[in-house]
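Hi,

Here is the structure you asked about, with my notes underneath. Have it open while you read.

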Amino acid sequence: MNILLLGGSGFIGSRLARRLREAGHQVRTPSRRELDLLNPEASAAMPLLEGCDAVANCVGIMSRRRDLLETVHHHTPAKLAAWAREAGVSRWLQLSALGADPAHPVAFVGSKGRGDEAVCQIGAAHGMSVAVARPSIVYGRGGASCELFIKLARLPVIALPAGGRFMLQPVHANDVADGLVRLLENGIPHGTIIPFTGSLRTSLAGYLTAMHTGLHRKPPLRVLPIPLALVKPFLPLTNVLSNGMVSAGSFALLEEGSCADCTAFAELLGREPLG
């Protein structure tokens with residue numbers, strides 16, 4: 001297939017690009033100069049889309065700016081999907097996020113949900129098959145959140161809100177890339193939405209402990225619980241300092257948990273996903 005990969009230099013996109021090329025597909029990964037995702041123009045997009053069999057959208061950002069999240073996760077994919085259908089593209093693959101919902105109050109997953117909905121509607125109206133992958137917290141070297149967790153896991157003692165009891169189901173970046181390849185190759189029915197989750201459910205404290213003992217080869221991590229109420233007043237400041245990575249929204253998502261049944265993902269991979 002001829003595939004246009006958006007976000008091909010990113011954490012997941014770079015892995016996907018390598019796997020697609022190894023499988024014999026022709027992959028184009030436009031630079032920001034070639035295609036401005038903050039202000040896309042048809043004159044730049046259409047030459048990239050002509051002759052493509054599929055588009056894989058792996059673009060995702062963290063930001064404290066709601067308008068920027070809405071542009072990158074919602075409005076730009078909607079524009080590009082409309083142009084893709086006009087160019088005769090038959091498949092669109094959307095890399096989203098677990099918990100994405102158009103009505104969600106947290107800007108990151110809300111904007112992702114609105115983008116998913118818009119692209120699916122465009123595909124349904126014009127005969128373009130759309131599949132959506134929704135990974136949980138992704139682990140693997142090179143990911144911004146994972147690198148932060150790896151740094152935290154070096155500490156001998158760490159203080160965590162609510163003792164780090166928030167439940168996670170981390171998924172490996174390589175499994176995510178493998179799953180995306182299969183979604184592109186298998187001709188999945190339009191509107192397919194699959195949670196990409198690992199095989200192990202653990203707490204945030206357990207996740208950090210696994211990194212502490214497994215990656216850093218240290219004794220079990222000592223976790224000191226901090227009441228969540230003491231942390232929340234500082235979140236507006238950390239939101240600015242971390243550009244949205246550590247914010248009231250991210251803590252709200254942690255409290256909701258990042259878990260889902262991995263059966264459909266395992267069926268897609270043809271094996272159990274990594275824990």
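**Two loop residues to look at**

R217 sits in the loop that runs between α7 and β12 (222–226). Keep in mind that this is a predicted model. Phi of R217 is near 55°, a positive value, and the residue is not a glycine. Is R217 buried or exposed? Exposed, because its relative accessibility is 70% and the cut-off for that label is over 50%.

A162 is the other one on my list. A162 also has a positive phi, about 55°, without being a glycine. You'll find A162 in the loop between β7 (157–161) and β8 (167–168). With a relative accessible area of 22%, A162 counts as partly exposed.

**α5, α7 and a pocket**

Now for the helix that comes before the R217 loop. α7 packs against α5 at an angle of about 70°, and the two axes are 8 Å apart. That angle makes α5 roughly perpendicular to α7, because 65 to 115 degrees is the range for that label. Which residues make the contact? From α5 they are C146, F149, I150 and L152, and from α7 they are L204, Y207, L208 and M211. By class, this contact has eight nonpolar residues, with no polar and no charged ones.

These two helices turn up again around the second largest pocket, where α5 (144–152) and α7 (204–214) each supply at least two residues of the lining. α7 gives the most, with five residues. The volume of this pocket is about 290 Å³. Its lining has 15 residues, and the ones nearest the centre are Y139, Y207, A210, M211 and G275. So Y207 and M211 are worth clicking on: they are part of the α5–α7 contact and they are also among the residues nearest the pocket centre. The lining breaks down into nine nonpolar, five polar and one charged residues.

**α3, α4 and a cavity**

The other helix pair is α3 with α4. Helix α3 covers residues 66–86, while helix α4 covers residues 107–126. Their axes come within 8 Å and cross at roughly 10°, so the two helices are roughly parallel to each other. The list of contact residues is long, so here is a part of it: on the α3 side it includes R66, L69, E70, H73 and P77, and on the α4 side it includes A107, F108, S111, K112 and R114. The classes in this contact are 10 nonpolar, five polar and five charged residues.

How many cavities of 30 Å³ or more are there? The count is one. The largest cavity holds about 30 Å³ of space. L6, L37, N57, V59, V72, T76, P77 and L80 line it, and helix α3 gives the most to that lining, with four residues. Six of the lining residues are nonpolar, two are polar and none is charged. P77 has two roles here, as a lining residue of the cavity and as one of the α3 residues that meet α4.

T76 is the last one to look at. T76 lies in helix α3 and is buried, because its relative accessible area is 4% and the limit for buried is under 20%. Apart from neighbours within four places in sequence, T76 is in contact with L37, P40 and T71. L37, like T76, is part of the cavity lining.

Cheers

Technical notes:
Residues numbered from 1 in each chain as written. Predicted model: local features only at pLDDT ≥ 70, side-chain atom pairs only at ≥ 80, totals over all residues. Heavy atoms only, no water. 1 Å grid on protein atoms, 1.4 Å probe; cavity = no way out; pocket = protein on both sides within 12 Å on 5 of 7 lines; lining within 4 Å. Points joined across faces, edges and corners; volume = space filled by probe spheres on them. Nonpolar A, V, L, I, M, F, W, Y, C, P; charged D, E, K, R; others polar. Buried < 20%, exposed > 50% of the residue type's maximum accessible area, 1.4 Å probe, protein only. Axes fitted to C-alpha atoms, helices over the stretch in contact; angles between N-to-C directions. Parallel < 35°, antiparallel > 145°, perpendicular 65-115°, else oblique. Contact = heavy atoms within 4.5 Å.
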